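Here is a quick walk through some metal sites, a domain contact and a few individual residues. Have the coordinates open as you read.

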Amino acid sequence: MTHIPSTEPLLLEIALPVPLRRCFDYFAPVGANPAGLQPGLLVRVPFGHQELIGIIVRVKTESVQNLDKLRPALEIIGSRPTLDSELLDLCLWAADYYQCPPGEALQTALPVLLRQGEPAQLRGEPVFQLTTEGKGLPVGALKRSPKQAALLAALQTRGQLNRNELSLLEIPRTIAKNLIDKGLVTLVNVIPDASTPSSQLLREQPLVLSDEQQTAFAQIDYSSFQTYLLDGATGSGKTEIYLQAIEQTLRRGKQALVLVPEIGLTPQTLERFQRRFNLPIVALHSGLNDRERLDAWLLARDGIARIIIGTRSALFTPLKEPGILIIDEEHDGSFKQQDGFRYSARDLAAVRAHRLGIPLILGSATPSLETLHNALQGRYQYLRLKARAGNAKPPEIELLDIRGEILHEGFAQASIDAIGDTLGKGNQALVFLNRRGYAPTLECHDCGWLANCNHCDARMTVHQTPRHLHCHHCDHQRGLPKRCPSCNSSKIQPIGQGTERSEVVLQQLFPAHKVIRVDRDSTRNKDGMQKLLVDVHSGDPCILVGTQMLAKGHHFADVTLVVIIDADAGLFSTDFRGAERMGQLLLQVAGRAGREEKSGRVILQSHHTDHPLVQTLVQQGYHALADLILQERQITQLPPYRHLALIRAESKQAIAAVDFLKLARHLAEQLQAPHPLLNYLGPLPAMMEKRGDRFRYQLQINSAQRKPLQQLLSQLALQLELSPLAKRIRWSIDVDPQEMG
Ligand code: ADP
Ligand code: ZN
Ligand code: ZN
């Protein structure tokens, strides 16, 4: 270690957005005030021949590197740390845990504009207000121009109006401009204000909690860390408990952060929060532009936004007065990032809440087995709601054995009859099918040719609108052949069901009713989903057909029948989570039926009605299924009983990826010479061995305890980074992987 006792150099340890698992040392910028240098500040530095913006992680006087080789940083950006120490430490902890380069983890936490050097300051908002001269006008002045008079009157009563309020009053901006020209009105920039008296907290009265809700609610302690699993069926009143827990938090002068699944943040959800609370709420979702995202981030940081609702990455929102974290539908896969910084927002939320000393509520009707296990072991406090709130009755799932049945484009006659019956009674039906497109593939009746993707080990999906073949794995597309490319026969036909095909069939069967298809294709445009659902919310009898996009977040008051076309895929998945996911998805879909006064009916078509998992789910429900799967996981030594990490490698030449993983295993075994707690599996081909012209392999490492696995991974990652083999392939480490493919 270099140590210079006399004139100690001022050094900055900086996390940079580069794919290396380390930070970099620089001298402080020339002329920088040492007292102003703190962790969390953004800093511009030279890196090779380019300039990068990084974050100061530590200010120090010693370096393990040779001081002659260090360069000075160029410039400190802004005068106060962009990331407070709480978030900075959380990100660094997470980078370490998930084996991610610290600079990349910190990138995830920062809005794009901040990464580009934009000041971390609220812009303020331009508002119109009266000048002294304007204030001098009598009430009822400017009568000759009614719009000008209206604006004047509004400003006289309200003091200020922003652009949005102006357009709500239907006053054109030119009118405001006229009054500015006359010297009666000015435009000033106003920074939003954090102070709102708590007497005005609520816009509507909270519901009176049921006994069961009250019992759960009463257990929440707002002054210390605890993770709660709020386990209650769809419609059992979990959201009402969130709302009341948030109210308690707000009354204590604290902020609430709520995470929802990627497609769960519907205008309906947001509206429900806005209807209840009279305080600033910000929503962080994919529809925001970079400026809006930064504004929301700043509003939260400065304590102006009191409730923050967002998807996965909103976990990294800075909070001035953090009071509670809530994760709705905690089992949802979207809380785990699948590339780059592969973090689980749910698991990190527990780390964040623990460090902040605040409660975390995980809510779900179908908790993940990890969470359920933690609750059953007593690590999480287990809150259960068994009844449905209000008058709604739980739907019963009817198992429909379709072995040997003549199916009409995938539908059993009994299902078709049930749909007709539902429409006849003036209600709505929902058909669930987790495959978009027209059909999963195209087949030649004469020679058996199948439409395979040339780039993947996968079939191409047939699409009708527009007509083409599409690989859902690599996005490759080509035209629909008229004749078999192999034998030139004209008897080529789409095989199996997709949502487009079901839509066509249903429209033929029920020509008098609207059929609304909801999947990634039909909702691609902005607000696509909302536009499609207008008809559903109007309450007219109709049929909804769609993928899992229908299963989440939406509240369909008039849907009384759910038909699940095919749920068998999950039973035979090679991913050990297949059965768990199937159970969760089926119950989420089933939960769409009969949410209000009308009772619901759910029909599950299956070729495997006597499969133990199907039987358990239908006869005894999700929790019995979860018990069964947990027992299996314990026997087979899988999560939550073991800790898993995957090292993935892919390359154009299979051998390069395999060699890399062989090296990884060899290095690991050397690092942890026969370690009783660690097991290795692989290198093995991924479930889809070839995708997008790359061959994919993986090495699984599992451990009875977290710590030895963590220690191994951090040493291993550094060694792999240096290996020449690593430069020829793509590789990554996934800690607590959710997708095994
Ligand atoms: P979940 O989040 O578990 O799906 P919600 O909180 O959305 O359940 O409640 C389902 C429905 O029941 C909503 O319409 C809600 O307004 C209503 N509800 C919830 N709690 C109560 C209650 N205590 N009394 C009456 N209605 C309630
Ligand atoms: Zn053929
Ligand atoms: Zn493909």
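## The zinc ion (ligand 3)

In this predicted model, the zinc ion (ligand 3) sits in a tetrahedral site, with angles of 104 to 114 degrees among its four donor atoms. Those donors are the SG atoms of Cys453, Cys456, Cys471 and Cys474, at 2.2 to 2.4 Å. Read along the chain, they follow the spacing C-x2-C-x14-C-x2-C.

Take Cys456 and Cys471 as a pair: Cys456 is in the loop between strand S18 (441-444) and strand S19 (461-463), while Cys471 is in the loop between strand S20 (468-470) and strand S21 (477-478), so the two tie together parts that are 15 residues apart in sequence. Are these two cysteines buried or exposed? Both Cys456 and Cys471 are buried.

## The zinc ion (ligand 2)

Now for the zinc ion (ligand 2), which is coordinated through SG by Cys444, Cys447, Cys484 and Cys487, at 2.3 to 2.4 Å. This site is tetrahedral as well, with angles of 106 to 112 degrees among its four donor atoms. The donor spacing here reads C-x2-C-x36-C-x2-C.

Cys444 belongs to strand S18 and Cys484 to the loop between S21 and S22, so this pair ties together parts that are 40 residues apart in sequence. Cys444 counts as buried because its relative accessibility is 2%, under the 20% cut-off. Cys484 is buried too, with a relative accessible area of 3%.

## Domain 5 meets domain 6

The domain assignment splits the chain into domain 1 (2-115), domain 2 (125-190), domain 3 (198-385), domain 4 (396-437 + 498-632), domain 5 (440-495) and domain 6 (643-735). Between the centres of domain 5 and domain 6, taken over C-alpha atoms, there are 35 Å. Seven residues from domain 5 and six residues from domain 6 make the contact.

How much area do domain 5 and domain 6 bury between them? The figure is about 550 Å², with 49% of it on carbon and sulfur atoms. On the domain 5 side, His455, Asp457 and His473 supply 75% of the area buried against domain 6, more than any other three residues. As for salt bridges, the rule finds zero across the interface of domain 5 and domain 6.

## Gly692 and its contacts

Gly692 is found in the loop between strand S28 (678-691) and strand S29 (694-703). With a relative accessible area of 32%, Gly692 is partly exposed.

Which residues does Gly692 contact, leaving aside neighbours within four places in sequence? They are His455, Cys456 and Cys474. Cys456 and Cys474 are also among the donors of the zinc ion (ligand 3). Gly692 and Asp475 are 217 residues apart in sequence, yet 8.5 Å apart in space, C-alpha to C-alpha.

## Helix H15

Helix H15 (residues 499-509) has Thr499, Glu500, Arg501, Ser502, Val505 and Leu506 as its buried residues. The cover over them includes helix H14 (413-424), strand S17 (428-432) and S19, along with strand S22 (492-495), strand S23 (514-518) and strand S24 (542-546).

## Thr311

One last stop is Thr311, in the loop between strand S12 (307-310) and strand S13 (322-328). Thr311 is buried, at a relative accessible area of 14%. Not counting residues up to four places away in sequence, Thr311 touches Leu259, Val260, Pro261, Glu262 and Leu284.

Terms used. Residues are numbered from 1 along each chain as its sequence is written. Chains are lettered from A and ligands numbered from 1 in the order in which they are written. This is a predicted model: local features need pLDDT of at least 70, side-chain atom pairs count only at pLDDT 80 or more; totals for chains, interfaces and linings use all residues. Side-chain values use heavy atoms; hydrogens and water are left out. Donors are N, O and S atoms within 2.8 Å of the metal (3.2 Å for Na, K and Ca); water is not among the atoms, so sites may look incomplete. Four donors count as tetrahedral if all angles lie between 85 and 135 degrees; four count as square planar and six as octahedral if opposite donors are over 155 degrees apart and all others between 65 and 115; anything else is irregular. Helices (H or I, at least four residues) and strands (E, at least two) are DSSP runs, numbered from the N terminus. Buried means under 20% relative accessible area, exposed over 50%, partly exposed in between (1.4 Å probe, protein chains only). Domain bounds come from an automatic or database domain assignment. Contact means heavy atoms within 4.5 Å. Buried area is the accessible area (1.4 Å probe) that two parts lose on being put together, summed over both. A salt bridge is a side-chain nitrogen of Lys or Arg within 4 Å of a carboxyl oxygen of Asp or Glu.
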